[in-house]
Amino acid sequence: MYLTKEEERIYDGEHGWANQICMRILVRLGELFNATKLIPVSSAHVAGVSYKTLGDAPAEFLRALANANGKAKVKTTLNPQSFDQEYLSRKLPKDIREKQSNIIEQFRKMGLTTSLTCTPYYLERPKPGSHLAWAESSAVVYANSVLNAWTNREGGPSALAAAIIGKTADYGMHRTENRQPNVLVDVRNLLQNEAEFGALGIYLGKILEDKIPTIQGPNNVSETKLKQLGAALATTGMVNMFYYNTQLEREETEKISVEAKDLKRTVESLSTTEDVKVDLIFIGCPHCSLNEIKQIAWLMDGKKVRSGTRFWVCTSRYVKEKSEKYVKRIKNSGGHVLTDMCTIVSWTEILGIKTIMTNSAKTAYYAPTLNKAETVFAPLKQCLKTALEG
Amino acid sequence: MQQITLKGRVIVEGRCKAEALVSTKPISFLGGVDPNNGKIIMKNHDLYGKCVKDKVLCFPHGHGSTVGSYVLYSLARKHLGPKAIINQTADPVVVVGAIIADVPMIDRIDIKQIKTGDTVEVDAHNGLVKVLKNVES
């Protein structure tokens, strides 16, 4: 791999241990994937933030890096943590709260933005064609597919290394030749609501391996539906991007046919129970956009959440502040709009939540193992029908 | 004593001589190795219950969450980590883990040539793995 004089000096440790270790990570990963050089990135997004999934081990490394003066050189956002500051944190033991705060503190010292969201693209939309170093698989697929920004699916540590060096190795999704669609999926007559887009992602993720699909589906599809599709594709597969309703240049492309019964079976597999008495109804995986919050407020329209049922909407602090009047309406109906956290990496078991209903295929896929919860998977409208009285 | 030398690719430089612990299965450090004692805790794993401490740990490749890299760092800091890692095919999680934990690592080695209990000399400056076999065994 070719390194500039300055990059070599960092590699040799002239800029301290933190920079050296980060440079070594980038160079060795680059060599592994046959990169020939490093390229600058316009932003980084670091995953691996929740104390629940991280445990104690990473905190030591993060502290060592922060103490050795590791500092982000480009704008770097952070994935959600394991609780929000207002609602959940009060119900958790002090020990958990402190360990989570300690992790966030190390990131803060390194100059990362404590955005605590899985949808950094709602805070600042990356420019088309820009190179990024993002972790968080749902954001990676969204960036590559919907925003046409270029990023590999970084791991937590490699995204952090890229943040501190301000560069990433030039391989994979950073190269034009690796961004060509190579399989056609025709679902024009199949998809309706966002839950079905998610289910399609779960189904395709399992069979696509690392191929890039071009999906031919209904026209005028919202970015929200594509967000659900991408998050689910990344949940079960290696897929880093998809094309939606773009023309194929080559005729001989492999075709995959998806039948109505495949989709139906996938939707059904994402529910583990038919119980209508759910403990939690959860919307916001990935985090809700302003439009989604608006739509939820609209659909709740003065109705009340049933007693004994929790209704959570997860989003970023940024979007919550922008949608204040809708947040108020959701609150008045008895719902909670929670920021900074992700339900699947939060402490739902401690709250006694045993059944989760959601419109997110990603959550429905992970909740049985990560939250030890039964799941009911349904589109937003049906989730709200279950949540609300009357 | 019988001796074979295998040549692979250097991932992290270093040298050591220690006993081999060999698995035919991939290892996920997150959820697969207990960060408090270095024991393999993944059920149905061929190394279940074995401790990686001070061993030359040989396995085909890693898998699972990137948090696994941090687990390797944590093990090394507590002196519970392996002396070296030998892989068939290096994967990003183990590579990053070995770099931050400063554990010598070589890949592109036919690990079938190494058996648990063999004494192994790792020269991870030149990518050499010297396997010293006890002929009687």
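Just past helix H1 of chain B, the backbone does something a little unusual to look at: His79(B) takes a positive phi of about 55°. This comes from a predicted model. The helix that comes before His79(B) runs over residues 67-77 of chain B, and it is mostly covered, with 9 of its 11 residues buried. Going along H1(B), the buried residues are Val67(B), Gly68(B), Ser69(B), Tyr70(B), Val71(B), Leu72(B), Tyr73(B), Ser74(B) and Leu75(B). What do these buried residues pack against? Part of the answer is in their own chain, namely strand E5 (84-87) and helix H2 (92-101) of chain B. The rest is in chain A, where the partners are helix H3 (51-54), helix H4 (57-67) and helix H7 (156-165).

That leads on to the interface. Here, 20 residues of chain A are in contact with 21 residues of chain B. The size of an interface is often given as the accessible area lost when the parts come together. For chains A and B the buried area is about 1800 Å², and carbon and sulfur atoms give 70% of it. On the chain A side, Arg28(A), Leu32(A) and Pro157(A) supply 30% of the area buried against chain B, more than any other three residues.

Next come the empty spaces. Rolling a probe the size of a water molecule over the atoms shows where empty space is left. A search of the whole structure turns up 1 cavity of 30 Å³ or more, and its volume is about 40 Å³. Its lining is made of Leu26(A), Leu29(A), Gly30(A), Glu154(A), Ser158(A), Thr168(A), Ala169(A) and Tyr171(A). Helix H2 (17-32) and strand E5 of chain A each put in at least two of these residues, and the largest share, 3 residues, belongs to H2(A). Sorted by class, the lining has 4 nonpolar, 3 polar and 1 charged residues.

Asp170(A) sits in the loop between strand E5 (167-169) and strand E6 (183-186) of chain A. Is Asp170(A) buried or exposed? Its relative accessibility is 5%, so Asp170(A) counts as buried. Two side-chain partners are worth pointing out. The side chain of Asp170(A) makes a polar contact of 2.9 Å with the side chain of Lys37(A), and another, of 2.8 Å, with the side chain of Arg175(A). Leaving aside residues up to four places away in sequence, Asp170(A) touches Ala35(A), Thr36(A), Lys37(A), Ile39(A) and Arg175(A).

The second largest pocket holds about 510 Å³ of space. Of its 23 lining residues, the closest to the centre are Ser222(A), Thr224(A), Lys225(A), Glu292(A) and Gln295(A). Helix H9 (223-236), helix H11 (290-300) and helix H15 (380-387) of chain A are the elements that give two or more residues to this lining. H11(A) makes the largest contribution, with 4 residues. The lining as a whole divides into 9 nonpolar, 7 polar and 7 charged residues.

One of those central residues, Glu292(A), also has a charged partner to look at: the side chains of Glu292(A) and Lys227(A) are joined by a polar contact of 2.6 Å. Lys227(A) belongs to helix H9 of chain A. Because its relative accessibility is 2%, Lys227(A) counts as buried. Beyond residues up to four places away in sequence, Lys227(A) touches Thr119(A), Tyr121(A), Tyr122(A), Tyr142(A), Pro286(A), His287(A), Cys288(A), Ser289(A) and Glu292(A). Pro286(A), on that list, has a backbone feature of its own: the peptide bond from Cys285(A) to Pro286(A) is cis, with omega near -10°. Pro286(A) lies in the loop that links strand E10 (280-283) to H11 of chain A.

Two asparagines round off the backbone details. Asn220(A) has a phi near 50°, a positive value in a residue other than glycine, and lies in the loop between strand E7 (213-216) and H9 of chain A. Phi is also near 50° at Asn245(A), again a positive value in a residue other than glycine. Asn245(A) is found in the loop between strand E8 (243-244) and strand E9 (254-257) of chain A. How exposed is each one? Asn220(A) has a relative accessible area of 80%, so it is exposed, while Asn245(A), at 30% relative accessibility, counts as partly exposed.

Methods:
Residues are numbered from 1 along each chain as its sequence is written. Chains are lettered from A and ligands numbered from 1 in the order in which they are written. Side-chain values use heavy atoms; hydrogens and water are left out. Buried means under 20% relative accessible area, exposed over 50%, partly exposed in between (1.4 Å probe, protein chains only). A polar contact is a pair of N or O atoms within 3.5 Å; within protein, one must be able to donate a hydrogen and the other to accept it, and residues adjacent in sequence count only if both atoms are side-chain atoms. Contact means heavy atoms within 4.5 Å. On a 1 Å grid over the protein atoms alone, a cavity is a set of points where a 1.4 Å probe fits but cannot get out, and a pocket is an open set with protein on both sides within 12 Å along at least five of seven lines; lining residues have an atom within 4 Å of a point. Grid points are joined across faces, edges and corners, and a volume is the space filled by probe spheres set on the points. Ala, Val, Leu, Ile, Met, Phe, Trp, Tyr, Cys and Pro count as nonpolar, Asp, Glu, Lys and Arg as charged, and the others, Gly among them, as polar. Buried area is the accessible area (1.4 Å probe) that two parts lose on being put together, summed over both.
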